[in-house]
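Please read the following comments alongside the sequence and the coordinates. They are written as a colleague's note.

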Amino acid sequence: MARVRNPRDLLAGLLFVAFGVAALVLSHAYEIGAASRMGPGYFPRLLGLLLVVLGSVLALRGFWPSSEPQPRWRWRPLLVVLAGVASFTVAAPRLGLVVASLLLVFISSAASEEFSWKEALISGAIQGLATVAVFVYGLGIPLPIWPVFLTGGQ
Amino acid sequence: MELLDNLALGLSVACTPINLVYAFVGVLVGTLIGVLPGIGPVATIAMLLPTTYGLPPVTALIMLAGIYYGASFGGSTTAILVNLPGEMSSVVTVLDGHQMARQGRAGPALCIAALGSFFAGSVATLLIAAFAPPLADLALKFDAAEYSSLMVLGLVSAMAMAGGSVLKAVLMTILGLLLGVVGTDVNSGVSRFTFDISELIDGIGFVAITMGLFAFAEIAINLEQRQQHNLLAERIGGLWIKWPEFKQAFPAVLRGTALGSMLGILPGGGATLSAFASYALEKKVAKDPSRFGKGAIEGVAGPESANNAGAQTSFIPMLTLGLPSNAVMALMVGALIIHDIQPGPQVMTRNPDLFWGLVASMWIGNFFLVILNLPLIGIWVKLLSVPYRLLFPLILLACAIGAFSTSNNMFDVWVAVVFGVLGYVFIKLGCEPAPLLLGYILGPLLEENLRRALVLSRGDFTVFVTRPISLVMLLIAAGLLLLIAAPVIRKQRAVVFAEEK
């Protein structure tokens, strides 16, 4: 029984194979044509096939020993940072830029080990107001400044 | 003389007040992010790209270019003063630059870095002016087959320059090409991989991809490592360099300029590679190599000249062939496309003011760098004391708003979030994101040319090897691929990239 000695490469290979399979399945609906008259399905299928073949080679390397360091997954910083961005995305059109910026800064700051909620709140408030000054008044981006339910969409 | 006429045209464009202001802003922002570790030129350019939509294309490009070479310069300042390379291209400057600073010779180190960069930048500007037109002429003779092969060559050399496993770089490139397919197929009008999402009909926004891969993922990686700031308040001392030191450094500046100019033109090359190669060369030609690492001024002068020369000549393939040689140039191509300018050899004839204006602005920008940096060094160093925990939310905010404003749609921000997760996973799995970005930018161009070439040849694949220029490019690509896959070179590459880390 073969043993996985290099999970990093196995995982990477499988990821690429998955993308390749997805491309092959999805491009099934597109006409393939011939080399002289390529249809919309020709190029994506070619790429999907390459991903599957080369991805498998990479995955197989996972059974050979490797001196390369294996990754240590730490999802928390990434997820917290992205949660901050996501909260901005949801909040900005509804609650306005000031609140959305404050949310983004406050939530994402928690990803740092040196998080202090007081500091994050202050820097969030400052950045919220600065954002409005620069992006709404300076560059004119079409987002509300204050919550829509307070201003009635003005 | 035609060259002088062209440069005069360029200067007249670059010296309009608005272009001067934006060149200055670009260089200033570039220096700023160069000084600050944790944010690179790729993320910054993507972030600021939407703010340039309202500008004339030449002004937009002048500013974006300023960010690029400004960053490679700003990175050196902190490398010398605080032992902290702000950018990859200044990693080698740390070795001797910081040693010089510890010996109280920070002034001369900074001075030779500035003067060397300015000299290299001026030479590189002239080189672009001299060599771009003949290259573009040659490229005008290219047919679809040559373009396809050229893009393959570009992609292969980008793989060669990426760190880590070659196979992974190949796979990342292919995945990038596949992502480029998303959207409406220009030939048949079929929507591919759009999942009936109307926002995907024009393809995935490249600003969003770049931000996800290069800003969000990077920030997450940075946050994992405990931040350590041991700021040494070095005394900078007198800024001027003394004659004997200058005499010692000048040949290194010349060698660095020559090497950087050559390596910058290579697809996949650019500032970082040039700096590493130059340091290695200086060590080889030195009478007493043991001085290196202990404050040898050549170890600063050479790489600093080389990285600036390389940063600038890497514009040559982008401007003349429409072929980006690194991630920053890929963004520039994207910027041109947004401004409705099809990158390629016709840019020079159809938009001469844009081409020559950009070239001339690089020289002006380099001049700004010198006058900006020597007096303002104190301020740049103070900036370093801004803790990362205050800085990264600001970067996130600017990215989120930047992604939104590319199409005034929150969809792009969600795309950036998805690519943030993907980018993080890829980095953890040892796959560098840069080849993916390059593949993504070149994907649609490659598909179109491939199709056209095969239509013209009636489906005969030998067209790529029977046309001489195409054959040569494919042979070079194959040779490169063999070279990087060969065990001896692989070991060498491992050493080079290990030094980089």
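The points below take up confidence, the contact between the chains, the domains and two helix pairs.

1. This is a predicted model, in which local features need pLDDT of at least 70 and side-chain atom pairs count only at pLDDT 80 or more, whereas totals for chains, interfaces and linings use all residues. Residues are numbered from 1 along each chain as its sequence is written, and chains are lettered from A and ligands numbered from 1 in the order in which they are written.

2. On confidence, the predictor assigns the complex an ipTM of 0.91 and a pTM of 0.82. Chain B has an average pLDDT (the predictor's confidence in each residue, from 0 to 100) of 83, with 92% of its residues scoring at least 70. Within chain B, helix α18 (residues 411-428) has the highest confidence, at a mean of 94, and helix α22 (residues 487-500) has the lowest, at 52; helices here are DSSP runs (H or I, at least four residues), as are strands (E, at least two), numbered from the N terminus.

3. The contact between the chains takes 54 residues from chain A and 49 residues from chain B, where two residues are in contact if their C-beta atoms, placed from the backbone, lie within 7 Å. On the side of chain A that touches chain B, the largest share, 15 residues, comes from α3(A). By class, that side of chain A has 36 nonpolar, twelve polar and six charged residues, with Ala, Val, Leu, Ile, Met, Phe, Trp, Tyr, Cys and Pro counted as nonpolar, Asp, Glu, Lys and Arg as charged, and the others, Gly among them, as polar.

4. Chain A is assigned domain 1 (7-63) and domain 2 (75-151), with bounds that come from an automatic or database domain assignment. The C-alpha centres of these two domains of chain A lie 39 Å apart.

5. Across the chains, the axes of α3(A) and α18(B) come within 10 Å and cross at roughly 175°, the axes being lines fitted to C-alpha atoms, for helices over the stretch in contact, and the angles running from 0 to 180 degrees between N-to-C directions. The two helices, α3(A) and α18(B), are therefore roughly antiparallel, a term for angles over 145 degrees. Among the residues that meet are Leu78(A) and Val85(A) in α3(A), and Trp414(B) and Tyr424(B) in α18(B). This contact of α3(A) with α18(B) has nine nonpolar, two polar and no charged residues.

6. Within chain B, α18(B) also packs with helix α9 (residues 206-224) of chain B, at an angle of about 50° and with the axes 7 Å apart.

Note on methods:
Parallel < 35°, antiparallel > 145°, perpendicular 65-115°, else oblique.
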